[in-house]
Amino acid sequence: MLFSNLRGGIGKTSLAFNLSFLANNALIVDTCPQGNLSYFFNKDYQLSPSLSVNDILRPYFLPGFGFATNTSQYIAETNKFFEGKNNYFIKSSNELYILPSQMANALVQARTIMGSAQEEMIDKMLYSLKSEIQKEKQIINADKCLIDTSPFFSGATHLAWHATDALIIPVRTDQQSINSLRLLLDILTNPNSEFRRTPTSDNHTPKIQMIVLTHCGWSTVAGARNIPNQQTKMFLKEIYNLIARQISLFTTSNPANHIVMLDDFLGSGRMSTAQSKPILCMNSGETMYINRVKTSVNESVYKIQNELKFIHNSIW
């Protein structure tokens, strides 16, 4: 399962972190060079001797490097909230910023090869992350995988799209996020896009399973419990129409099956980030100071927890 959107700050990493807590027997892969998800699992991940996503991908694009084994870290060793869960993660690296140029050079060289060998070499590169994930899942006995991605398509995000069959796309309730969703749909379909220009031999394209509309607002009219406010309704309609026009990219033929609404995490989200603590572990009334400002968890945390559980139950 892959979290992707070509814009930052819309909830990809927050969703990946909280849904990884709900999962069990899971491998979580951080392909974003910023490494925020890796930090939530292990604040000292950069000092850890374990190998990164970049390490496991390097041999596919730079000949001469050996292939890695046993690359993942047991999350419970560095994040106490994951105790009792058979969950592991493969950490990020800031070296992923240069992966796009390495991939581009390797693909150019592959295209100079004649015959079926060219197809095999391109497949090996584009399916490199998928191959490494499959190997690691067998080692740790995992039956699930969650992949967090960067806001940029080139490089590890490109490989992540080929490593999954299902996308989860967080979309914030603002026009810029709607525009980034349009861009993502275009990359999936446009024959001139980076994704389409160099296809795999089987023309693999992931389907979209869910669009999660984040930071939703609700009507304050008396008796209008759980009814979206006018701004949220406007974005819901626009997303629905986008899905309807591109329904072949989705896993079912009904646009309504693919939209899930998620509240703004507010104080719960800030405290979750500050403590590397899943929102599912929080209770109303908890407080802490963040940058000298007192932050609290209110009753809305229980609604958010139910929304996260619904997403979890819908994707597995």
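Five elements, α1, α2 (36–41), β7, β8 and α11, each supply at least two residues of the lining of the largest pocket. Keep in mind that we're looking at a predicted model. This pocket has a volume of about 540 Å³, and 28 residues line it. Lying nearest its centre are Gly-9, Ile-10, Gly-11, Thr-13 and Ser-14. Sort the lining by class and you get nine nonpolar, 13 polar and six charged residues.

The second largest pocket comes in at about 290 Å³. Its lining counts 15 residues, with Tyr-60, Phe-61, Pro-63, Met-121 and Met-125 nearest the centre. Here the elements giving two or more residues are α3 (53–61), α4 (99–110) and α5 (116–126), and α4 has the largest share, with five residues. Eleven of the lining residues are nonpolar, three are polar and one is charged.

There's also enclosed space to look at. By the rule used here, the model has one cavity of 30 Å³ or more, and the largest cavity has a volume of about 50 Å³. Ser-14, Phe-17, Asn-18, Phe-40, Phe-265, Gly-269, Ser-272 and Thr-273 form its lining. Two elements, α1 (12–22) and α11 (266–275), give two or more residues to that lining. By class, three of the lining residues are nonpolar, five are polar and none is charged.

Here are the three spaces side by side:

| Space | Volume | Lining by class |
|---|---|---|
| Largest pocket | about 540 Å³ | nine nonpolar, 13 polar, six charged |
| Second largest pocket | about 290 Å³ | eleven nonpolar, three polar, one charged |
| Largest cavity | about 50 Å³ | three nonpolar, five polar, no charged |

Ser-14 turns up twice: it is among the residues nearest the centre of the largest pocket, and it also lines the largest cavity.

Now for the sheet. It is open, has eight strands with mixed pairing, and runs in the order β3-β4-β2-β5-β1-β6-β7-β8. At its edges sit β3 (73–74) and β8 (259–263), each of which pairs on one side only. The partner of β8 is β7 (residues 207–216), and the two pair in the parallel sense over four bridges. One of those bridges puts Leu-213 opposite Met-261 in β8.

Next, the helices. How do α1 and α12 (residues 300–315) cross? Their axes come within 10 Å and make an angle of roughly 70°, so α1 and α12 are roughly perpendicular to each other. On the α1 side, the contact uses Leu-15, Asn-18, Leu-19 and Leu-22, while α12 brings Leu-308, Lys-309, Ile-311, His-312 and Ile-315. That contact is made up of six nonpolar residues, two polar ones and one charged one. Asn-18 of α1 takes part in this contact and also lines the largest cavity.

Another helix pair is α8 (residues 175–189) with α10 (residues 230–245), packed at an angle of about 5° with axes 11 Å apart. That angle makes α8 roughly parallel to α10. Gln-175, Ile-178, Leu-181, Arg-182 and Leu-185 of α8 meet Phe-235, Glu-238, Ile-239 and Leu-242 of α10. Six residues of this contact are nonpolar, one is polar and two are charged.

Finally, a look at the backbone. Most residues other than glycine have a negative phi. Asn-203, in the loop between α9 (194–197) and β7, has a positive phi of about 55°. Ser-276 has a positive phi too, near 50°, and is found in the loop between α11 and β9 (287–290).

Note on methods. Residues are numbered from 1 along each chain as its sequence is written. This is a predicted model: local features need pLDDT of at least 70, side-chain atom pairs count only at pLDDT 80 or more; totals for chains, interfaces and linings use all residues. Side-chain values use heavy atoms; hydrogens and water are left out. Two strands pair if DSSP finds at least two bridges between them. On a 1 Å grid over the protein atoms alone, a cavity is a set of points where a 1.4 Å probe fits but cannot get out, and a pocket is an open set with protein on both sides within 12 Å along at least five of seven lines; lining residues have an atom within 4 Å of a point. Grid points are joined across faces, edges and corners, and a volume is the space filled by probe spheres set on the points. Ala, Val, Leu, Ile, Met, Phe, Trp, Tyr, Cys and Pro count as nonpolar, Asp, Glu, Lys and Arg as charged, and the others, Gly among them, as polar. Axes are lines fitted to C-alpha atoms, for helices over the stretch in contact, and angles run from 0 to 180 degrees between N-to-C directions. Angles under 35 degrees count as roughly parallel, over 145 as roughly antiparallel, 65 to 115 as roughly perpendicular and the rest as oblique. Contact means heavy atoms within 4.5 Å.
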